[in-house]
Amino acid sequence: TDAGMLNAIGLQNVGIEEFLGEKLPRLHEKGVTVIANVWGDTEAEYRAVVERIGDDPRVAAVELNVSCPNVVKGGMVFGNDPAALGALVAAVRPATRLPLIVKLSPNVTDVVAAAKSAVDGGADVLSLINTLVGLSVDVETREPKIGFTTGGLSGPAIRPIAVRMVWEVRRALPHVPIFGIGGIESVEHVLEFLIAGANAVQVGTANFREPGISGRLVRDLARWCDRHGVARVADLTGTLRTRPRPEKVYA
């Protein structure tokens with residue numbers, strides 16, 4: 001829909017051996033910067049995959065997906081429990097010297113607590129947010145429209161939530177690099193995330209409509225910066241001007 005996408009694609013992939021043996025060499029030949037996104041059911045599985053990647057110079061960073069709602073177990077357990085998340089990151093951290101990114105779940109009551117646990121465990125960078133858990137019903141059959149019952153909601157509908165969470169984490173952790181994610185379709189959306197506190201952004205759902213959107217957004221951002229006299233994109237990060245909240249008045 002125009003508001004977003006509800007999916008239960010899950011984390012389909014070819015596995016670590018085929019990734020390292022076939023996909024990574026082709027990507028490296030093309031000069032692509034590769035961030036390997038890793039998921040598992042247990043701490044041991046996460047660590048085993050990261051150990052297999054090791055310090056491979058063809059990989060720029062490793063991102064732990066601890067928050068995917070489209071799997072039966074694993075990710076959501078870690079993503080929704082700050083203590084479990086911190087322990088997972090600490091268990092994986094020794095397996096690589098590459099930068100370690102943790103992709104946070106929005107399906108929590110306190111995203112800052114999760115962010116702090118990830119950083120305390122050894123995360124170098126935070127990505128937020130992953131998809132929200134959603135449900136869509138076929139009213140004629142009275143059954144879920146998605147075979148998995150619930151799915152991950154992404155796209156424009158979640159952007160204000162994502163921007164708010166980036167802002168909250170930036171205030172709490174002023175020196176930790178942040179990827180902003182959620183419903184980015186225009187340069188204005190990119191700017192929202194940067195101003196709220198993101199250092200960079202990721203684009204997902206919009207690629208289904210416009211596969212070349214990331215290149216366009218880079219060009220649009222450069223033009224916007226030129227028009228507004230911004231010398232470095234980094235100068236925009238965390239520049240939100242908030243208004244003081246008015247005192248509550250009770251009649």
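Is Phe78 buried or exposed? In this predicted model, Phe78 is buried, its relative accessible area being 9%. The residue takes part in the 1 aromatic pair that the structure holds. Its partner is Tyr46; the two ring centres are 5.6 Å apart and the ring planes stand at 85°, so the arrangement is edge-to-face. An angle over 60 degrees is what places a pair in that class. Tyr46 belongs to helix α2 (residues 43-53) and Phe78 to helix α3 (residues 75-79), so the contact ties together parts that are 32 residues apart in sequence. Tyr46 is likewise buried, with a relative accessible area of 0%.

A ring is also involved in a contact with a charged group. The charged end of Arg171 is placed over the ring of Trp167, at 3.9 Å from the ring centre.

Strand pairing was examined next. Strand β9 (residues 150-154) pairs with strand β1 (residues 5-7) in the antiparallel sense, over 3 bridges. Within this pairing, Leu6 has Leu153 of β9 as its bridge partner. Strand β9 also pairs with strand β6 (residues 132-135), again in the antiparallel sense, over 4 bridges. Here Gly134 is matched with Gly151 of β9 as its bridge partner. In a regular strand, side chains alternate between the two faces of the sheet.

Leu135, Val137 and Val139 together make a nonpolar surface patch of about 290 Å². Of these residues, Val137 is located in strand β7 (residues 137-138). Val137 has a relative accessibility of 43% and therefore counts as partly exposed; the bounds of that class are 20% and 50%.

Charged side chains were considered last. Side chains of opposite charge can pair when their charged atoms come close. The structure holds 12 salt bridges. One of them joins Arg159 to Glu192, with the closest N and O atoms 3.5 Å apart. This pair links distant parts of the chain, since Arg159 lies in helix α6 (residues 159-172) and Glu192 in helix α7 (residues 187-196), 33 residues apart. The two partners are placed in separate accessibility classes: Arg159 is buried, with a relative accessible area of 15%, whereas Glu192, at 36% relative accessibility, counts as partly exposed.

Another salt bridge is formed by the side chains of Glu168 and Arg164, with an N to O distance of 3.1 Å. Both residues lie in helix α6, where they are 4 residues apart, about one turn of the helix. Glu168 is partly exposed, with a relative accessible area of 22%, and Arg164 is also partly exposed, with a value of 36%.

The side chains of Arg232 and Asp235 likewise meet in a salt bridge, at 3.0 Å from N to O. Arg232 is partly exposed at a relative accessible area of 49%, and Asp235 is partly exposed at 44%. In addition, salt bridges with shared partners connect Glu210, Arg216, Asp220 and Arg223 into one network.

Conventions
Residues are numbered from 1 along each chain as its sequence is written. This is a predicted model: local features need pLDDT of at least 70, side-chain atom pairs count only at pLDDT 80 or more; totals for chains, interfaces and linings use all residues. Side-chain values use heavy atoms; hydrogens and water are left out. Rings of Phe, Tyr and Trp (its six-membered ring) pair if their centres lie within 6.5 Å; planes under 30 degrees apart count as stacked, over 60 as edge-to-face and the rest as tilted. Helices (H or I, at least four residues) and strands (E, at least two) are DSSP runs, numbered from the N terminus. Buried means under 20% relative accessible area, exposed over 50%, partly exposed in between (1.4 Å probe, protein chains only). A charge sits over a ring if NZ of Lys or CZ of Arg is within 6 Å of the ring centre and within 35 degrees of the ring normal. Patches are made of residues with over 30% relative accessible area and no salt bridge: like charges are joined within 9 Å, nonpolar side chains (Val, Leu, Ile, Met, Phe, Trp, Tyr) within 5 Å. Accessible areas come from the Shrake-Rupley method with a 1.4 Å probe; for residues, only the protein chains shown count as cover. A salt bridge is a side-chain nitrogen of Lys or Arg within 4 Å of a carboxyl oxygen of Asp or Glu. Two strands pair if DSSP finds at least two bridges between them.
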